[in-house]
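This report looks at how two chains meet and at how charged side chains and strands are arranged within them. Please have the sequence and the model at hand while reading.

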2 protein chains.
Amino acid sequence: MVTVHDVAARSGVSIATVSRTLRAPHRVSEETRDRVLAAVHELGYQPNRAASGLRGGRTGVIGLVVPDIENPYFSSLTKGAQASSRERGYGLVVVDTAEQADVEAAEVRAVGPQIDGIILASSRLSDAALAQLAATTTCVLVNRELVSPPSGPDAFDGAPSAASAPAGAAVPGIVVPTVTIDERAGARAAIGHLHELGHRRIAYVGGPARSWSQARRSRAIREAAQLFPGVDLIELSGYAPDADGGREAADTVLGGGPTAVIAYNDLVALGLLARWTEEGVRVPDDVSLVGFDNTYVAELSFPRLTSVGADLREFGETAVTLLLERLAGAALDEAAMHRELEPRLIARASTAPPRAAAAPARSREDR
Amino acid sequence: MVTVHDVAARSGVSIATVSRTLRAPHRVSEETRDRVLAAVHELGYQPNRAASGLRGGRTGVIGLVVPDIENPYFSSLTKGAQASSRERGYGLVVVDTAEQADVEAAEVRAVGPQIDGIILASSRLSDAALAQLAATTTCVLVNRELVSPPSGPDAFDGAPSAASAPAGAAVPGIVVPTVTIDERAGARAAIGHLHELGHRRIAYVGGPARSWSQARRSRAIREAAQLFPGVDLIELSGYAPDADGGREAADTVLGGGPTAVIAYNDLVALGLLARWTEEGVRVPDDVSLVGFDNTYVAELSFPRLTSVGADLREFGETAVTLLLERLAGAALDEAAMHRELEPRLIARASTAPPRAAAAPARSREDR
DNA sequence: CTGAAAGCGCTAACAC
DNA sequence: GTGTTAGCGCTTTCAG
């Protein structure tokens, strides 16, 4: 392992100058700088982040915690975060918690000391645990909000070793920086798209009852349905957020006689599609189908899946950006605390006018 | 941040004893041990890996480098590696190289100092680069082999700053520990399965021409085809290893008149399936379809995809195991250097006897 | 069995 | 501008 000492010896300066050359080049004469950099290059010197973190406080590494890296939603998010943090010279440690809150808590504590900040995606942690974590660590929530302190503005007394209550805790509003997706806009886009095609009887196949996303998404769908005249919403919920959940819901949802179905996410949508295809129900001829999140799996099926969501890589990038701003000590105004991404509906071949509707001929989108 | 000093103060011992209690409990009296552990627990002390790594040499962190975390193959692999390393008390840093060899090289160098060892999955690095890396770092290759030194036993002269040639370099054979999949067994399973169903004219849709996996897989398929009497193999190659590649190959491959098609991987298979479905070609009625790798996407389609592959999570676990063994200084015999996983063919609904064949009635597998 | 002390590689005051 | 020095939190001899 080549250290500052090696570089110093080779370039005939002290280790301090080596460090300075790398961290604050303008504080070093041009001549020495060149010599040092040459030595750095020749020796292939690579600063040891662990050591500099130990001394300087900053480690140059941030953490990303996801419940399930196998889920295309999170793997795309991770990809975006990875690219973005690399670009800015930060390392990224990815942790998969296998959907378990206790694993999440343990991992967060374990990596805590060696990272500058952490991004929690779809955290399974309780509000209280999150509040406590936020008091200790610089963190950013993704796809989750923490609006107010767990139990009243000054209920932090009971907290064991939470060093200090967050500065803005007394002010109502978002307490931890958050990046979310504008769920209402998404729901409006989905329902609006179907409405425009002529659908009036629309079903929503919801995810797990106690999921933060499902609660939010379901409410948004209900609100959006009100906005469009004549839309009749059939709501189901409690299905697993994967293809099996969709397969399971396939028969039931058709029972309600909808001409279009919106699924909790793309995986559920693919499950619905698979089961329907098996039974001879055709998409979009017999029923239109819309997924959520716009993951890459929407491109895998026939017909390709119309899906509404933000760009997931951008989502990851935004989270990194927000975290880095916090790390740099940005002000804590609303804009700095909360970022909401605008989802777009990507119309693919799984949506079309309902069979009976007199709608304009549709161009084949899936060619 | 709570440090050894805090724990020491609280339990009335020296910091050395705290450290000892944690690293070598048997070298501490039972009484002190209890006191220290109590303090550790009460204070929520968490050893700082960066610091202990700095001092002790070992950081307790290993790296995993993948070309594309979005690819289900690698996300499952990652999941396995993550679970396995957590279980053994190691941290895992995941790096996505976006398929770029230069990014891979840079990242490997960047994380090098702060990790104990590294797993390179489907590395895009050249043999020479790999050999050099292996000389410096403890590493394990996944889905890639490095059989002999780049250009003869003692051709390391030209290498710039490669400290020392690997110890076993003079001996022919695998130079870097490797975990791969028995590609021949996989190909035999695929062809055998189709042969048994009655297929004789079988096409293989290969991946990118210059990929290590494609070369290996293609050869294995050709060899396997020889093993079964009457099998007529049509080989294509050069398609992108994703659904678009499959869509693109769909028409061409059918031109050869096969009754069954084997795809380079599951994504390609789904692309084929999607395009065929669009065109009214039915699977498995008109043509049977087999994927490779057995990723979770094989479960997403209708019909579900017959696929051959090892358990990907286990693959990830095995890589971690092997790396940890190397780290612990295991002997360098063949078994310790190379692990080959046995793939299994998971028969799902995408394969059936060819239309004309007089084969026993098949039970509906996709119900 | 326990404590004191010497660093691991690095950065940030502080001198010169 | 550059060098000297004091640690960051931890492990590990080496004494006691």
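Between chain A and chain B there are 10 salt bridges, a salt bridge being a side-chain nitrogen of Lys or Arg within 4 Å of a carboxyl oxygen of Asp or Glu. One of them joins the side chains of A:D96 and B:K79, with N to O at 2.8 Å. The two chains also share 25 residue pairs in polar contact, both residues at pLDDT 80 or more; a polar contact is a pair of N or O atoms within 3.5 Å, where within protein one must be able to donate a hydrogen and the other to accept it, and residues adjacent in sequence count only if both atoms are side-chain atoms. On the side of chain A that touches chain B, α4 (49–56), α5 (72–87), β2 (91–96), α6 (101–111), α10 (243–255) and α11 (266–279) each supply at least two residues, and α5(A) gives the most, with seven residues. Helices (H or I, at least four residues) and strands (E, at least two) are DSSP runs, numbered from the N terminus.

This is a predicted model, in which local features need pLDDT of at least 70 and side-chain atom pairs count only at pLDDT 80 or more, whereas totals for chains, interfaces and linings use all residues. Residues are numbered from 1 along each chain as its sequence is written, chains are lettered from A and ligands numbered from 1 in the order in which they are written, and side-chain values use heavy atoms, with hydrogens and water left out.

Counting contacts as heavy atoms within 4.5 Å, 50 residues of chain A are in contact with 50 residues of chain B. The two chains bury about 4300 Å² between them, 51% of it on carbon and sulfur atoms; buried area here is the accessible area (1.4 Å probe) that two parts lose on being put together, summed over both. In chain A, the residues that lose the most area to chain B are A:E70, A:E278 and A:L300, together 16% of what that side buries.

Over all chains, the whole structure holds 48 salt bridges. Three pairs within chain A are set out below.

| Pair | N to O distance | Separation in sequence |
|---|---|---|
| A:E183 and A:R217 | 2.8 Å | 34 residues |
| A:D286 and A:R355 | 3.0 Å | 69 residues |
| A:R348 and A:E299 | 3.1 Å | 49 residues |

For accessibility, buried means under 20% relative accessible area, exposed over 50%, and partly exposed in between (1.4 Å probe, protein chains only). A:E183 counts as buried because its relative accessibility is 6%, and A:R217 is likewise buried at 6%. A:E183 and A:R217 also belong to a network of salt bridges that includes A:R216, A:D293 and A:E340. By contrast, A:D286 is partly exposed at 22% and A:R355 is exposed at 63%.

In chain A, strand β4 (residues 139–142) is covered on both faces, with A:C139 and A:L141 buried on one side and A:V140 and A:V142 buried on the other. Four bridges join β3(A) (residues 117–121) to β4(A), and these strands run parallel; strands pair if DSSP finds at least two bridges between them. The chain passes from β3(A) through helix α7 (residues 127–136) to β4(A) in a right-handed β-α-β crossover, meaning that, with the strands pointing away from the viewer, the path from the first strand over the helix to the second runs clockwise.
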